[in-house]
Amino acid sequence: MHATLSVAGWGELALRLPSALLGLLAIPVFCWVGRQAGGRPWALLLALLAAGAQPLVWIGQDLRNQYVLAVLASAAATGLLLWQASGPPRRWRAAGWLAYALLLALTVYGFYYAGLALLGHGAYLLLHGERRRLWLPWCLAVALAVALFLPWALVAAPAVLASNQLKSPTAPALAPFVLESATYLTAGDGWARPWGRGIAALGLLLAGLGARRLWRRDRALAGASLLALLATGLALYLVRHLRSVYEPRYLLGSLLFWWVLLLSGLEGLWRSRRPGARWLGALLLAVLLAVNGVGVVRYHLAPAQPRTVGYRAAAAIIAAHAQPGDVFVRNAPDPCWDYYLRDLPMTRAMVPGEPLPEDDAIARALITLGQEHDRLWFVPGMNPEWDPEQRARHWLEYNMLRERLEPAGFFTVLAYRPPRSALRAMLADGSELESAITLEGYSLLLSGQPVDPAQPLALHEGDTLEVTLAWRPAQRLERDYTVFVHLLGQDGVLRTQHDGPPLLGTRPTTYWEAGELVLDRHTLQLPALEGEGATLHLGMYDSVTVERVPWRGGGDARIIPLRLAP
């Protein structure tokens, strides 16, 4: 990727081109492996799956090309092992083992977990008497691959251990993990539960039939496939008990061996003499290809399966409104943001910095960012194992001014200002209550977008009008007051309202400190409005007596006129 970027730049094509080229190269490699493992029919079917399987199509367009690189290198290494076992000319054997060692190292360089599937190579040699003669050169090739990978392992190990990846483990149930894995290997991810379980059942049925038939025909290949799948599946299941982050793509190293079992099962049905078995095999093959085809179509077209899931749209929103002094905050690891925000000279931070931290750690980190930056752009992540309760967002909602809320695909772009810079984004006011509280300013968000009441507003039924009031007490207060925000129509009739203690009851006035700025948000659900104008009535009343607190200068409500767009 670095070489491509140095030549072609940071364009979308340049970033995805390496993965696309490797994905295309995987088609003839899988075809070659299939030819050696099961003849021409297997070669054709493996090529079809490599070209149209949703998991490979996905990683073939991914910015992170290590996945497709690992799959390609692993498949090529498997093909070389089968080639060595077939008895190639002597003059090519040493070169073949050297290439095999390089491919092994490249597999693990590309993706660590892909190396687990290569354990099946040892089983392939051990389970066949005639192939045990290859055990010594195979061990030497593996030793060479380890030697090639070891320097990187020594350099990367401290960084991996320091990244807190082995923290906050999960405890997944075995049966759902098996079903999820079978679904992904058979037809990719993104399937709803009923469909996913049906696909998993199809895959497990064919794999079971294939393992039984292949054990009878080629015990070495069957043993290699089963060990590769079991080693990868068991290791990843145990890893999920050690770390919180997991993706089905971690299974990709065993994809070839899963397909070997599926094709063996289909071939068994096709060659069976039982009535209807051949038709059943043809039907299951059609279903297998169809679900992968549907997965690819959904990947490209379905709203639930976009490749960028809103990254580009979210980045465009931030770029359109970003100012010097802003910071971008995410609440889960996601390197995609580094790419999509690469042109913005904006500091990027992650809060929380580790999975499932204490609330105090989140608060300290966000307070520090608020002291250093005027505005925080925040996009809640979709990683359920890092900040599943969205505690970072919760803290921001209750301690900073929400300046903007805008959907972008599956993401929501939020802009917050700390109290020290909040008044810059608010309309200045300065009205005082007789209880020694000043309304320093207010802001209006119409369906998440900041609006100016002096401009015509298009208020539609069902929209939300978010009113944030900035209160500053001159002294400690001895009474609890309730804030009211009322919307009256042009005829003076109350249309909608929100009454309640400040900030949804979390900041009673008796807890306010003298001189502090309290950001108090109230949300109105708009009804249908008629006429050319409306008014907002703001104020406070005693929570016990319900008596309104007068404003200095007269009146018991601060009135803000609104102009309605025709």
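Which residue of β13 is the bridge partner of L488? In this predicted model, the partner of L488 in β13 is T535.

## The four-stranded sheet

L488 is the final residue of strand β10, which covers residues 481-488. Strand β13, residues 533-542, runs antiparallel to β10, and eight bridges join the two. Both belong to an open sheet of four strands, ordered β11-β10-β13-β14, in which the pairing is antiparallel. At the edges stand β11 (494-500) and β14 (558-563), each of which pairs on one side only. On average, and with direction ignored, neighbouring strands of this sheet are turned by 15 degrees against each other.

Strands of a sheet pair through backbone hydrogen bonds, in either a parallel or an antiparallel sense.

## The five-stranded sheet

A second open sheet holds five strands in the order β2-β1-β3-β5-β4, and its pairing is mixed. Its edge strands are β2 and β4; each has a single partner strand, so one side of each has no neighbour in the sheet. The average turn between neighbouring strands here is 20 degrees, direction ignored.

Within this sheet, β3 pairs with strand β5 (residues 411-417) in the antiparallel sense, over three bridges. F378 has L414 of β5 as its bridge partner.

## Helices on the five-stranded sheet

Helix α16 (residues 359-372) packs on the sheet and touches β1 (326-330), β2 and β3. The direction of α16 makes about 135 degrees with that of β3.

Helix α17 (residues 391-399) lies across β3, β4 and β5. The angle between α17 and β5 is about 40 degrees.

## Salt bridges within the five-stranded sheet and at its edge

The model has 25 salt bridges, counting a side-chain nitrogen of Lys or Arg within 4 Å of a carboxyl oxygen of Asp or Glu. Side chains of opposite charge can pair when their charged atoms come close.

One of these bridges joins the side chains of R375 and E403, at 3.3 Å from N to O. R375 lies in strand β3 (residues 375-379) and E403 in strand β4 (residues 401-408), so the bridge ties together parts that are 28 residues apart in sequence. Is R375 buried or exposed? R375 is buried, with a relative accessible area of 4%. E403 also counts as buried, at 15%, because the cut-off for buried is under 20%.

Another bridge, between D338 and R348, has an N to O distance of 3.1 Å. D338 is in helix α15 (residues 336-340) and R348 in strand β2 (residues 347-350), ten residues apart. D338 is partly exposed at 34% relative accessibility, and R348 is partly exposed at 33%.

## A salt-bridge network between two helices

The side chains of R217 and E267 meet in a salt bridge of 3.2 Å, N to O. What does this pair tie together? R217 lies in helix α10 (residues 193-217) and E267 in helix α12 (residues 255-271), so the bridge connects parts that are 50 residues apart in sequence.

The two partners fall into separate accessibility classes: R217 is partly exposed, with a relative accessible area of 37%, whereas E267 counts as buried at 10%. The pair also belongs to a network of salt bridges that links R213, R217, E267 and R271.

Methods: Residues are numbered from 1 along each chain as its sequence is written. This is a predicted model: local features need pLDDT of at least 70, side-chain atom pairs count only at pLDDT 80 or more; totals for chains, interfaces and linings use all residues. Side-chain values use heavy atoms; hydrogens and water are left out. Two strands pair if DSSP finds at least two bridges between them. Axes are lines fitted to C-alpha atoms, for helices over the stretch in contact, and angles run from 0 to 180 degrees between N-to-C directions. Buried means under 20% relative accessible area, exposed over 50%, partly exposed in between (1.4 Å probe, protein chains only). Contact means heavy atoms within 4.5 Å.
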